[in-house]
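Work through the exercises below with the sequence and the model in view, and try each task before reading its solution.

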Amino acid sequence: MYHRVWLAPIQKPRSHQNIVILDYDDTILPTTFLDPEDEADMEHLVLKFKNKLAAVEEQVLTLLKNFLQVSKVLIITNAKIGWVEYSSSCLLYTSPSPRD
């Protein structure tokens, strides 16, 4: 008759879901600051800003890990196909694949 009247908060079914939406360029990666013109310029920027990019990457990974503990995370972009994969592989050293 009184089956599961009280449930611990962790056992209760979710009535809603949190979602965080982040834009890739200038939120995850400081694209406007870097403003690469071509692949050769990208290589130059990697060398020039190596320490700053490592610090950005550390902060981004911490931010994403924290968000993922409490919500679903979507990263969006208006960039050309392949830009996220290319730029993150060049500029972020431990970047996960876009689907991870």
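**Exercise 1: a buried aspartate in a helix**

D41 lies in helix α2. The model in which we examine this residue is a predicted one.

Task: Find out whether D41 is buried or exposed, and which side chain of opposite charge is nearest to D41.

Solution: Begin with the surroundings of D41, which touches D35 and P36 when residues up to four places away in sequence are not counted. D41 is buried, and the nearest side chain of opposite charge, that of K48, is 8.1 Å away. A salt bridge needs a side-chain nitrogen of Lys or Arg within 4 Å of a carboxyl oxygen, and D41 accordingly has no salt bridge. The side chain of D41 does, however, reach the backbone nitrogen of E37 at 2.9 Å.

**Exercise 2: a buried aspartate in a loop**

Task: State where D25 lies, and name the residue whose side chain is joined to that of D25 by a polar contact.

Solution: D25 is found in the loop between β1 and α1, the latter covering residues 31–34. This residue is buried yet has no salt bridge, since the nearest side chain of opposite charge, K80, is 11 Å away. A polar contact of 3.5 Å joins the side chain of D25 to that of T77. T77 also appears in the list of contacts of D25, together with T31, A79 and W83, once the neighbours within four places in sequence are left aside.

**Exercise 3: positive phi values**

Task: Determine the approximate phi of D26 and of D35, and say in which loop each residue lies.

Solution: As background, most residues other than glycine have a negative phi. For D26, phi is near 70°, a positive value, and the residue lies in the loop between β1 and α1. Because its relative accessibility is 46%, D26 counts as partly exposed. For D35, phi is near 45°, again a positive value in a residue other than glycine, and this residue belongs to the loop between α1 and α2. D35 has a relative accessibility of 53% and therefore counts as exposed.

**Exercise 4: a pair of rings**

Task: Decide why the ring pair of W83 and Y86 is called tilted.

Solution: A pair of aromatic rings is described by the distance of the centres and the angle of the planes. By the rule used here, the count of aromatic pairs comes to 2. In the pair of W83 and Y86, the centres are 6.4 Å apart and the planes stand at 50°, so the pair is tilted. Along the sequence, W83 and Y86 are 3 residues apart in helix α4, which means that about one helical turn separates them. Y86 counts as partly exposed because its relative accessibility is 28%.

**Exercise 5: the core and the whole chain**

Task: Identify which residues touch the most other members of the largest nonpolar core, and work out what pattern the chain follows along the sequence.

Solution: The largest nonpolar core has 18 residues, and those touching the most other members are L22, Y24, I28, L29, L34, L64 and L91. Two or more residues of this core come from each of β1 (19–23), α2 (39–48), α3 (50–70) and α4 (83–91). Y24 has contacts that include L29, I75, I76 and W83, not counting residues up to four places away in sequence. The chain as a whole has 4 helices and 2 strands, and they follow the pattern β-α-α-α-β-α. Of its 100 residues, 27% count as buried.

Note on methods:
Residues numbered from 1 in each chain as written. Predicted model: local features only at pLDDT ≥ 70, side-chain atom pairs only at ≥ 80, totals over all residues. Heavy atoms only, no water. Core = buried A, V, L, I, M, F, W, Y, C linked by side-chain atoms within 4.5 Å. Buried < 20%, exposed > 50% of the residue type's maximum accessible area, 1.4 Å probe, protein only. Contact = heavy atoms within 4.5 Å. Phe/Tyr/Trp six-rings, centres within 6.5 Å; stacked < 30°, edge-to-face > 60°. Lys, Arg positive; Asp, Glu negative; His and termini not counted. Polar contact = N/O pair within 3.5 Å; in protein donor to acceptor, adjacent residues only side chain to side chain.
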